[in-house]
Amino acid sequence: MGGDGKVFTLSEVSQHSSPKDCWIVIEGKVYDVTKFLDDHPGGDDVILTATGKDATDDFEDVGHSSTAKAMLDEFYVGDIDSATVPTKTKFVPPPKQAEANQDKSSDLVIKILQFLVPLLILGLALGIRFYTKTPSS
């Protein structure tokens with residue numbers, strides 16, 4: 001199929017998202033994988049869920065063999081206009097706040113109290129017994 005240098009927008013690619021007309025984007029290239037849907041080892045649903053977006057990460061995460069990557073050449077129809085593909089954002093966790101330190105200090109206090117309170121109760125019970133005991137004559 002050779003792409004002849006055609007450039008597609010992501011919107012154009014996403015219009016080809018049915019089992020009878022399925023295009024995907026991998027590493028900036030557009031592929032018409034309609035004829036491959038029935039032969040795909042993971043089933044056609046896997047490919048159909050990757051239409052309308054940059055499926056590079058999905059493709060790489062599966063760990064396709066070099067043979068599978070070479071097969072893409074026969075389905076190539078053109079390139080994607082990178083300006084139409086949303087940029088990927090990485091999740092960055094918020095910075096740790098003072099709450100974490102407060103949790104640690106309150107955990108320490110609880111552990112100390114769990115140790116000291118039973119000792120205090122035992123000491124109180126022994127003290128009461130010692131001072132309330134009547135001397136034997």
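## A walk through the chain, starting at L119

L119 is partly exposed, with a relative accessible area of 45%; the label covers anything between buried (under 20% relative accessible area) and exposed (over 50%), with a 1.4 Å probe and protein chains only. L119 sits in helix 5, which spans residues 98-132. Helices here are DSSP runs of H or I with at least four residues, strands are runs of E with at least two, and both are numbered from the N terminus.

Before going on, a word on the model: it is predicted, so local features need pLDDT of at least 70 and side-chain atom pairs count only at pLDDT 80 or more, while totals for chains, interfaces and linings use all residues. Residues are numbered from 1 along each chain as its sequence is written, and side-chain values use heavy atoms, with hydrogens and water left out.

Back to helix 5. L119 belongs to a nonpolar surface patch together with L108, I112, F115, L116, L120, L122 and L126, and the group has about 820 Å² of accessible area. Patches of this kind take residues with over 30% relative accessible area and no salt bridge, joining nonpolar side chains (Val, Leu, Ile, Met, Phe, Trp, Tyr) within 5 Å and, for charged patches, like charges within 9 Å. The areas come from the Shrake-Rupley method with a 1.4 Å probe, and for residues only the protein chains shown count as cover. What does UniProt place at residues 112-131? The unreviewed entry gives a "transmembrane region" there; UniProt positions follow the numbering used here, feature names are shortened, and annotations may be inferred rather than shown by experiment. In the model that span is 100% helix and 0% strand, and its end C-alpha atoms lie 28 Å apart.

Now step back to the whole chain. There are five helices and five strands, and from the N terminus they run β-α-β-β-β-α-α-α-β-α. Of the 137 residues, 23% are buried. The chain exposes about 10500 Å², and carbon and sulfur atoms supply 59% of that. Contacts (heavy atoms within 4.5 Å) also reach well along the sequence: among those between residues at least 6 apart, 68% join residues at least 24 apart.

Next, the interior. In soluble globular proteins, nonpolar side chains tend to be buried together. A nonpolar core here means a set of buried Ala, Val, Leu, Ile, Met, Phe, Trp, Tyr and Cys residues joined through side-chain atoms within 4.5 Å. The largest one has 15 residues, and those with the most contacts inside it are C22, I24, I26, Y31, V33 and I47. Strand 3 (21-26) and helix 2 (44-48) each supply at least two of its residues, with strand 3 giving the most, at three. Look at I47 in particular: leaving aside residues up to four places away in sequence, I47 touches C22, I24, V33, F36, L37 and H40. Apart from this core lies another, of nine residues, including F8, V13, W23 and V85.

Right beside V85 in sequence is T84, in the loop between strand 5 (76-80) and helix 5. T84 is partly exposed at 28% relative accessible area. Beyond residues up to four places away in sequence, T84 touches T9 and L10. The C-alpha atoms of T84 and S11 are separated by 7.7 Å, although their positions lie 73 residues apart along the chain.

L10 turns up again as a partner of K53, which also touches V25 and D58 once residues up to four places away are left out. K53 is in the loop between helix 2 and helix 3 (56-62), partly exposed at 34% relative accessible area. The C-alpha atoms of K53 and V25, 28 residues apart along the chain, are separated by 6.8 Å.

Finally, the charged pair. Side chains of opposite charge can pair when their charged atoms come close. How many salt bridges does the structure hold? Just one, counting a side-chain nitrogen of Lys or Arg within 4 Å of a carboxyl oxygen of Asp or Glu. The side chains of E60 and K69 form it, at 3.6 Å from N to O. E60, in helix 3, is partly exposed at 31% relative accessibility, and K69 is partly exposed too, at 36%. E60 touches E27 as well as K69, not counting residues up to four places away. E27 lies in the loop between strand 3 and strand 4 (29-32) and is exposed, with a relative accessible area of 54%. E27 also has a positive phi of about 50° although it is not a glycine.
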